[in-house]
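Student: I should like to take a close look at a single part of this model. Please treat it in one connected account.

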Amino acid sequence: VGKSTFAANFAISYAVDTKSRVVLVDLDNKSCGDLGMILGARPRRTLLNLGQHEGRIDANGVAQFTAPHPAGISYLPSVLDPDQMASLDPAAVGKAITHLLGAFNVVVVDLGSELDHCGVKVLELSSMILVVTMPDIIALHHTKRIIEKTQNLMFPMEMIKIILNRFNPKRGILPPIVQNMLKKEILGVIPEDEITVVSCMAKA
């Protein structure tokens with residue numbers, strides 16, 4: 001549904017618009033490395049490394065774990081090798097995210113479409129949950145299940161915000177119908193613009 005592309009653009013736009021220190025974390029266990037490809041980043045350290053760090057660490061020390069990006073954000077992958085995903089556990093993820101929250105103004109985490117224990121730990125430390133979907137019936141059905149699962153975990157409904165991606169008024173389901181299906185107002189609608197997306201990724 002384009003969630004990784006949205007996460008990258010959201011992090012960069014927020015950093016530019018607010019002059020905040022923003023770090024973007026890749027924690028999608030099924031698409032490990034997608035954000036690095038989108039950003040053209042080659043990090044050397046990971047969220048796993050930060051979560052396993054022993055002893056005290058200040059904001060400058062935390063920043064050393066991240067890779068700076070020319071657009072003004074920092075980037076941190078969960079792991080460098082997908083085989084390392086099994087080494088991630090909620091305690092290490094929670095520890096790493098807590099360190100990042102102390103060093104940056106905003107932490108944007110790209111989670112997978114399936115909410116695992118590490119993802120739940122991230123949500124416990126979050127102030128907002130952005131759910132990216134598309135205006136087609138299969139994507140919306142999956143989105144509805146994600147929202148219901150999140151609610152069942154006792155996260156407040158007001159934390160969840162809907163982003164409708166790749167909207168084309170000439171086809172697909174219209175925003176009012178999407179809102180009715182999901183029982184949630186749409187926070188933002190992103191028009192379908194494949195040419196611009198491909199061009200930006202090529203420049204990265």
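Leaving aside its neighbours within four places in sequence, with which residues is Asn-105 in contact?

Tutor: The model is a predicted one. Beyond its neighbours within four places in sequence, Asn-105 is in contact with Ser-20 and Arg-21. The side chain of Asn-105 reaches the backbone nitrogen of Arg-21 at a distance of 2.7 Å. Asn-105 itself sits in the loop between H5 and strand S4 (106–111). Asn-105 counts as exposed because its relative accessibility is 54%, and the cut-off for exposed is over 50%. Phe-6 lies 99 residues from Asn-105 in sequence, and their C-alpha atoms are 19 Å apart.

The helix before this loop, H5 (residues 90–103), gives five residues to the largest nonpolar core, the largest share of it. That core has 39 residues, and Leu-47, Leu-88, Val-93 and Leu-100 have the most contacts inside it. Residues up to four places away in sequence not being counted, Leu-100 touches Val-23, Val-25, Leu-47, Leu-50, Val-62, Thr-66, Leu-76 and Val-107. Another core, of 13 residues, lies apart from the largest one and includes Val-22, Leu-24, Leu-39 and Val-106.

H5 also packs against helix H6 (residues 117–124), at an angle of about 30 degrees and with the axes 9 Å apart. The crossing of H5 with H6 is right-handed. On H5, the contact is made by Pro-90, Val-93, Gly-94 and Ile-97, and on H6 by His-117, Cys-118, Lys-121 and Val-122. Of the residues in this contact between H5 and H6, five are nonpolar, two polar and one charged.

Key: Residues are numbered from 1 along each chain as its sequence is written. This is a predicted model: local features need pLDDT of at least 70, side-chain atom pairs count only at pLDDT 80 or more; totals for chains, interfaces and linings use all residues. Side-chain values use heavy atoms; hydrogens and water are left out. A nonpolar core is a set of buried Ala, Val, Leu, Ile, Met, Phe, Trp, Tyr and Cys residues joined through side-chain atoms within 4.5 Å. Buried means under 20% relative accessible area, exposed over 50%, partly exposed in between (1.4 Å probe, protein chains only). Helices (H or I, at least four residues) and strands (E, at least two) are DSSP runs, numbered from the N terminus. Contact means heavy atoms within 4.5 Å. A polar contact is a pair of N or O atoms within 3.5 Å; within protein, one must be able to donate a hydrogen and the other to accept it, and residues adjacent in sequence count only if both atoms are side-chain atoms. Axes are lines fitted to C-alpha atoms, for helices over the stretch in contact, and angles run from 0 to 180 degrees between N-to-C directions. A crossing is left-handed if the near helix is turned anticlockwise from the far one by less than a right angle, and right-handed if clockwise. Ala, Val, Leu, Ile, Met, Phe, Trp, Tyr, Cys and Pro count as nonpolar, Asp, Glu, Lys and Arg as charged, and the others, Gly among them, as polar.
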